[in-house]
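Biologist: I've got a fold on my screen and no idea where to start. Could you walk me through how to read it?

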Amino acid sequence: MKSVIFFSNTMCFPFRYHPSIPQVHFANLSPPESPMLENANTTFPEHSEGEMLRIRPQNTITFSKAGNDLVGSVEITNVDTREVSFKVKTTAPEKFRVRPSTGVLQPSATVTINVMLQHGQQIQTINREKFLVMCIGLPSDSSTNTQDLADLWKNINSRSATVEQHRLKCALPVNFDESGLESMFSSGGNVAAGPDQYGVMSGSYAGSNMIGMSADKQMAILQQNISHLNDTTHRLEGQVKRNYRFQWVMCGLCVMLAIMVIYMLKIEIHNSATQYCSTTAGGHH
């Protein structure tokens with residue numbers, strides 16, 4: 001008589017072998033690979049469900065030397081089923097040249113956006129800057145010519161729920177070697193105050209970054225910044241109007257609530273007085 005021990009997940013028990021009892025052989029039920037290992041090897045999606053654009057890189061634009069230039073790139077792909085219009089903004093429009101800065105992507109189409117640091121700018125200030133990639137879905141009957149797209153982005157509120165936003169930081173490679181770029185880019189001087197929002201500069205425009213530029217270049221930068229300031233003013237005016245309407249709505253609700261409380265107090269006082277009179281009259285009887 002043989003004795004065999006069977007193991008289960010949580011316990012083991014002996015079983016006596018008898019020749020007349022048929023033997024049952026169990027196949028190996030363990031999966032060839034642990035689910036934990038499968039999960040560990042699974043790559044996360046590069047875009048969330050419901051997003052219109054897939055961005056590569058997702059978080060940071062890393063700049064590198066390309067001849068005498070300092071260049072970074074972003075690859076965007078339309079993962080939506082409709083046409084998508086995109087627009088790229090930066091916290092320092094006077095520092096970078098972005099091509100293309102706006103456009104239309106067909107479904108599944110991809111475009112590479114090249115970002116180049118302008119000559120005369122300071123390399124080490126790149127880490128302070130950020131880029132904003134915005135996109136919006138287009139109806140099938142929308143016009144996609146340049147002027148219509150410019151009007152679309154001029155009139156739309158960037159905070160609208162229909163506008164998708166992707167924010168990217170700027171960075172230089174670890175142990176970045178600036179050799180060969182000294183004559184093209186500034187390496188020192190006072191750094192002008194940076195912008196507080198995308199495309200909105202604070203502080204002095206005529207800082208060290210504009211020294212050595214031609215009058216036409218300075219005028220173009222000033223006009224660009226004035227345009228950004230006008231856009232920001234319009235956005236702020238819209239926010240003030242919304243806040244003003246919200247305050248009036250809240251005041252109206254407070255007045256209605258106060259009236260309801262006073263009315264309920266009057267009813268309660270009236271009921272208490274009636275009950276008191278009834279109790280007093282019953283006591284006299």
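Modeller: Sure, let's start with a sheet. Here five strands form an open sheet with mixed pairing, in the order 4-12-11-7-9. Strands are DSSP runs of E with at least two residues, helices are H or I runs with at least four, and both are numbered from the N terminus. Two strands pair if DSSP finds at least two bridges between them. Before we go on: this is a predicted model, where local features need pLDDT of at least 70 and side-chain atom pairs count only at pLDDT 80 or more, while totals for chains, interfaces and linings use all residues. Residues are numbered from 1 along each chain as its sequence is written, and side-chain values use heavy atoms, with hydrogens and water left out.

Biologist: Which strands stand at the edges of the sheet?

Modeller: Strand 4 (60-62) and strand 9 (102-105) do; each has a single partner strand, so one side of each has no neighbour in the sheet.

Biologist: What holds paired strands together, in general?

Modeller: Strands of a sheet pair through backbone hydrogen bonds, either parallel or antiparallel. In this model, strand 11 and strand 12 are antiparallel, with six bridges. Across that pair, Phe-131 sits opposite Leu-168 in strand 12.

Biologist: Which helix packs on the sheet?

Modeller: Helix 2 (residues 146-155), which touches strand 7, strand 9 and strand 11. Touching is contact, meaning heavy atoms within 4.5 Å.

Biologist: And how do I read a nonpolar core?

Modeller: In soluble globular proteins, nonpolar side chains tend to be buried together. A nonpolar core is a set of buried Ala, Val, Leu, Ile, Met, Phe, Trp, Tyr and Cys residues joined through side-chain atoms within 4.5 Å. Buried means under 20% relative accessible area, exposed over 50%, and partly exposed in between, using a 1.4 Å probe and protein chains only. The largest core here has 30 residues, and Phe-63, Leu-70, Ile-76 and Phe-131 touch the most other members. Strand 10 gives the largest share, four residues. A second, separate core has five residues, including Trp-153 and Val-163.

Biologist: Is Glu-129 buried or exposed?

Modeller: Glu-129 counts as buried because its relative accessibility is 6%. You'll find Glu-129 in the loop between strand 10 (110-117) and strand 11 (130-137).

Biologist: Which side chains make polar contacts with the side chain of Glu-129?

Modeller: A polar contact is a pair of N or O atoms within 3.5 Å; within protein, one must be able to donate a hydrogen and the other to accept it, and residues adjacent in sequence count only if both atoms are side-chain atoms. The Glu-129 side chain has one with Thr-91 at 2.7 Å and another with Lys-95 at 2.8 Å.

Methods:
Axes are lines fitted to C-alpha atoms, for helices over the stretch in contact, and angles run from 0 to 180 degrees between N-to-C directions.
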